[in-house]
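Please find below my comments on the coordinates you sent for a second reading. They are arranged as numbered points, so that each can be checked against the structure on its own.

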Amino acid sequence: MTKFNLSMITGALLASSAAFAQVTAITGATVHTATEQGTLNNATVLIEDGKIKAINPENVTASEIVRANGLVLTPGFIGSMNQLGLVEVGAVANSRDASDEKAGLDFDPSYAFNPRSSLIPYARKGGITQSVVSPINYDGSFQGLAFTANLSGEFDSVADKHTAFVIYLGAKGKGSRALAFQQFIEKLEGQKAKLAKKDDKKEGAKPSGEERVLSQLLNGEMPVVIHASRAADIAQIIKLKSEYGLDIIINGAADAVLLADELAKAEIPVIVSAVANLPSDFDAMHATLENAGKLEKAGVKVLLAIAGDSSHNLYQLRFDAGIAVSNGMSFDSAIKAVTSNVADAFDIKGGKIAVGQPADLVLWSADPFELSTKVEKMWINGEEVKTDSRHDKLRERYTTDSELPRAYTK
């Protein structure tokens with residue numbers, strides 16, 4: 001009898017706990033959805049169980065209410081093609097895990113991802129809630145596998161280990177890019193032949209890691225990010241998609257404006273830097289500040305990323321987006337270029353304010369692309385996270401009055 005009563009009480013408590021699950025309501029916000037709904041004024045967004053439960057519900061029942069009072073709410077921004085969490089100090093070899101001279105086509109750097117990297121809180125200050133992190137191979141064309149991680153700082157923050165395969169088919173300081181194209185095609189052809197034999201029901205050995213990656217590419221199960229900028233190379237890449245049915249994303253794409261219509265027709269997204277405005281080499285003779293806007297208007301899906309040291313400078317992504325807007329890109333498209341376009345191109349969750357999407361949200365003090373704007377609140381998977389970084393701690397340390405000798409003066 002006692003056991004029955006206890007079980008009844010336990011059941012009632014569990015039911016009560018479920019009934020009063022944490023629900024957060026963000027009210028009175030200017031919401032940039034990054035969807036076909038566009039911008040919603042004076043809107044309410046409900047968060048429950050890590051996801052967006054409702055937008056503008058008739059009735060609001062919440063355990064926490066955040067009154068935005070007109071502040072701007074966007075999806076969390078998504079960084080891409082950086083080494084965030086794989087490098088701490090670029091000049092210190094033992095803090096770099098994004099490459100290995102023995103790495104093959106199936107190199108998976110996610111095993112080395114450090115969610116407690118000091119660069120992650122700094123990136124959060126720029127509104128970044130997720131990142132597509134890429135390996136980098138300075139000595140060869142095949143880079144390895146990119147993965148997706150959220151920036152919560154938790155040890156389970158790697159969400160997808162096989163987000164994309166990355167290959168470099170651009171200019172080479174030594175040798176010819178032609179060999180890289182040839183080797184990639186030969187690997188695709190070789191795996192295509194193996195898959196055909198398998199379809200004939202002939203038993204074979206267990207596939208290697210390289211074979212599994214190539215099969216995913218040929219079956220359209222994983223995109224391939226091809227780094228290339230020269231128009232002639234981009235034309236070859238368009239043919240690759242046509243011949244092998246690959247899901248292709250082009251990274252760099254400085255000369256993509258010359259083939260904008262063809263890229264739009266082939267439905268190939270491009271990752272560009274909004275601030276690339278100089279012909280840095282013979283592959284980038286058409287790099288200008290207007291490229292992102294021109295590609296957008298041609299119907300190309302544009303993703304914005306940080307050029308150069310993107311791991312340490314990912315915070316600046318919102319500023320680059322603002323520069324793109326100043327040079328012809330529409331504001332809504334710039335929002336999508338750092339949110340939903342990234343999520344769609346890499347087939348990852350997030351990047352949109354829509355029912356059922358992960359509650360990766362950023363509440364801004366004003367226009368997120370303005371220099372003076374700051375993050376007021378941030379949620380990753382529905383949990384509020386802080387934006388305090390090492391920079392804040394250092395500022396506090398060196399500006400706080402103390403009887404102790406100053407550690408640093410200038």
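1. Aspartate 344 and lysine 352 are joined by a salt bridge between their side chains, with an N to O distance of 2.9 Å. Aspartate 344 is partly exposed, its relative accessibility being 37%. The model is a predicted one, and the distances and angles quoted in this note should be read with that in mind.

2. A search of the whole structure for such contacts returns 10 salt bridges. Another of them is formed by the side chains of lysine 161 and aspartate 108, at 3.6 Å from N to O. Because lysine 161 belongs to strand E9 (residues 158-168) while aspartate 108 sits in the loop between strand E6 (77-82) and helix H2 (119-124), this pair ties together parts that are 53 residues apart in sequence. The two partners differ in their surroundings, since lysine 161 is partly exposed with a relative accessible area of 32%, whereas aspartate 108, at 12%, counts as buried.

3. Lysine 161 should also be inspected for a second contact, in which its charged end sits over the ring of tyrosine 111 at 3.9 Å from the ring centre. The residue that bridges to aspartate 108 is thus also placed over an aromatic ring.

4. How far apart are the closest N and O atoms in the salt bridge of aspartate 233 with arginine 177? The separation is 2.6 Å. This pair links distant parts of the chain, with aspartate 233 in helix H5 (residues 231-244) and arginine 177 in helix H3 (residues 177-199), 56 residues apart. Aspartate 233 is buried at 3% relative accessibility, and arginine 177 is likewise counted as buried, at 17%. The contact belongs to a network of salt bridges that links Arg177, Arg230, Asp233 and Asp283, and I would suggest viewing these four residues together.

5. Helix H5, which contributes aspartate 233, has 14 residues and reaches 20 Å from its first C-alpha to its last, close to the 20 Å expected at 1.5 Å a residue. Its buried residues are Ala231, Asp233, Ile234, Ile237, Ile238, Leu240, Lys241 and Tyr244. They lie on the same side of H5, because the arc that they cover around the axis is only 160 degrees. As a general matter, an α-helix has 3.6 residues a turn, so residues three or four places apart point the same way. The face of H5 turned away from the buried side carries the exposed residues Lys239, Ser242 and Glu243. Just after the helix, glycine 245 adopts a positive phi of about 65 degrees.

6. Strand E2 (residues 39-48) is mostly covered, with 7 of its 10 residues buried. Strand E1 (residues 23-32) runs antiparallel to E2 and is joined to it by 7 bridges, with histidine 32 standing opposite threonine 39 in E2. E2 also pairs with strand E3 (residues 51-55), again in the antiparallel sense, over 4 bridges, and here valine 45 stands opposite isoleucine 55 in E3.

7. The connections of these hairpins deserve a look at their backbone angles. In the hairpin of E1 and E2, with 6 residues between the strands, alanine 34 takes a positive phi near 60 degrees. In the hairpin of E2 and E3, which has 2 residues between the strands, aspartate 49 takes a positive phi near 55 degrees, a positive value in a residue other than glycine. Aspartate 49 is exposed, at 65% relative accessibility.

8. Alanine 253 likewise has a positive phi, of about 50 degrees, although it is not a glycine. Its place is in the loop between strand E11 (248-252) and helix H6 (260-266). Is alanine 253 buried or exposed? With a relative accessible area of 2%, alanine 253 is buried.

9. Finally, the structure holds 9 aromatic pairs. In one of these, the rings of tyrosine 315 and phenylalanine 319 have centres 5.7 Å apart and planes at 80 degrees, so the pair is edge-to-face. Tyrosine 315 is buried with a relative accessible area of 18%, and phenylalanine 319 is buried as well, at 17%. Ring pairs also link Phe77, Phe331, Trp364 and Phe369 into a cluster.

Notes
Residues are numbered from 1 along each chain as its sequence is written. This is a predicted model: local features need pLDDT of at least 70, side-chain atom pairs count only at pLDDT 80 or more; totals for chains, interfaces and linings use all residues. Side-chain values use heavy atoms; hydrogens and water are left out. Buried means under 20% relative accessible area, exposed over 50%, partly exposed in between (1.4 Å probe, protein chains only). Two strands pair if DSSP finds at least two bridges between them. Rings of Phe, Tyr and Trp (its six-membered ring) pair if their centres lie within 6.5 Å; planes under 30 degrees apart count as stacked, over 60 as edge-to-face and the rest as tilted. A charge sits over a ring if NZ of Lys or CZ of Arg is within 6 Å of the ring centre and within 35 degrees of the ring normal. The expected span of a helix is 1.5 Å times one less than its number of residues. The arc is that of the directions from the helix axis to the C-beta atoms.
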